[in-house]
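Student: I have a protein structure open and would like to learn how to read it. Could we go through it together?

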Amino acid sequence: MIPFDQLPYRPCVGVVLVNSEGLVFLGQRVGGPEQVDGQHSWQMPQGGIDEGENPEEAALRELYEETNVSSVEPLAAAADWFGYDLPEPLARQAWKGRYRGQKQKWIALRFTGADDEIDVHHPGGGHHKPEFVAWRWELLERTPELIIPFKRPVYEQVVREFQPLVAMAE
């Protein structure tokens, strides 16, 4: 078995979906080993980058696969990659134990559709398994307190990076 600190990070994207009121999309996770409790089960869309895909393409694909949303305009990409480690017991279960955590490129998109386009129960046109049981619009600065604790530092970086942009959308 490879020592935990020698495992690589899984390349991933995170999506800051901003509506016309300057609020961001949050989905409540279906469950799984990452979920701590109802308070910390919320997150923004995220997922792996497929081979041959750039982060912007992955962000659009993941957003559609998790929320059914395709009505968006690009706003910005984070300058850097943000990373986090999973707790080791969880990392040994997730992704077949191949990764210690994720390195994420965060992409901000403006939502240009109507709320009824969002369908977390039948995402990706009904072709993908739901990852969220509920969703809501939230203030970006509140997201770190709603995320699972080991991802909180990434969400704090996301807030610092995108808060000026989100404030302009209001």
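Student: How many salt bridges does the structure hold?

Tutor: Good place to start! Keep in mind that this is a predicted model. A pair counts when a side-chain nitrogen of Lys or Arg is within 4 Å of a carboxyl oxygen of Asp or Glu. With that cut-off, the number of salt bridges in the structure is ten.

Student: Asp-50 and Arg-61 meet in a salt bridge. Which of the two counts as buried?

Tutor: Asp-50 sits in the loop between β4 and α1, while Arg-61 belongs to helix α1. Buried means under 20% relative accessible area. Asp-50 has 42%, so Asp-50 is partly exposed. At 19%, the residue that counts as buried is Arg-61.

Student: Glu-66 is buried yet has no salt bridge. How far away is the nearest side chain of opposite charge?

Tutor: Glu-66 is placed in helix α1. A polar atom of the Glu-66 side chain lies 3.4 Å from the backbone nitrogen of Gln-46. The nearest side chain of opposite charge belongs to Arg-29, and its distance from Glu-66 is 7.0 Å.

Student: Which element gives the most residues to the largest nonpolar core?

Tutor: In soluble globular proteins, nonpolar side chains tend to be buried together. Here the largest nonpolar core has 28 residues, and Val-16 and Trp-106 are among those that touch the most other members. Elements that give two or more residues to this core include β1, β7 and α5. The top contributor, with six residues, is α5.

Methods. Residues are numbered from 1 along each chain as its sequence is written. This is a predicted model: local features need pLDDT of at least 70, side-chain atom pairs count only at pLDDT 80 or more; totals for chains, interfaces and linings use all residues. Side-chain values use heavy atoms; hydrogens and water are left out. A nonpolar core is a set of buried Ala, Val, Leu, Ile, Met, Phe, Trp, Tyr and Cys residues joined through side-chain atoms within 4.5 Å. Buried means under 20% relative accessible area, exposed over 50%, partly exposed in between (1.4 Å probe, protein chains only). Helices (H or I, at least four residues) and strands (E, at least two) are DSSP runs, numbered from the N terminus. Lys and Arg count as positive and Asp and Glu as negative; His and the chain ends are not counted. A polar contact is a pair of N or O atoms within 3.5 Å; within protein, one must be able to donate a hydrogen and the other to accept it, and residues adjacent in sequence count only if both atoms are side-chain atoms.
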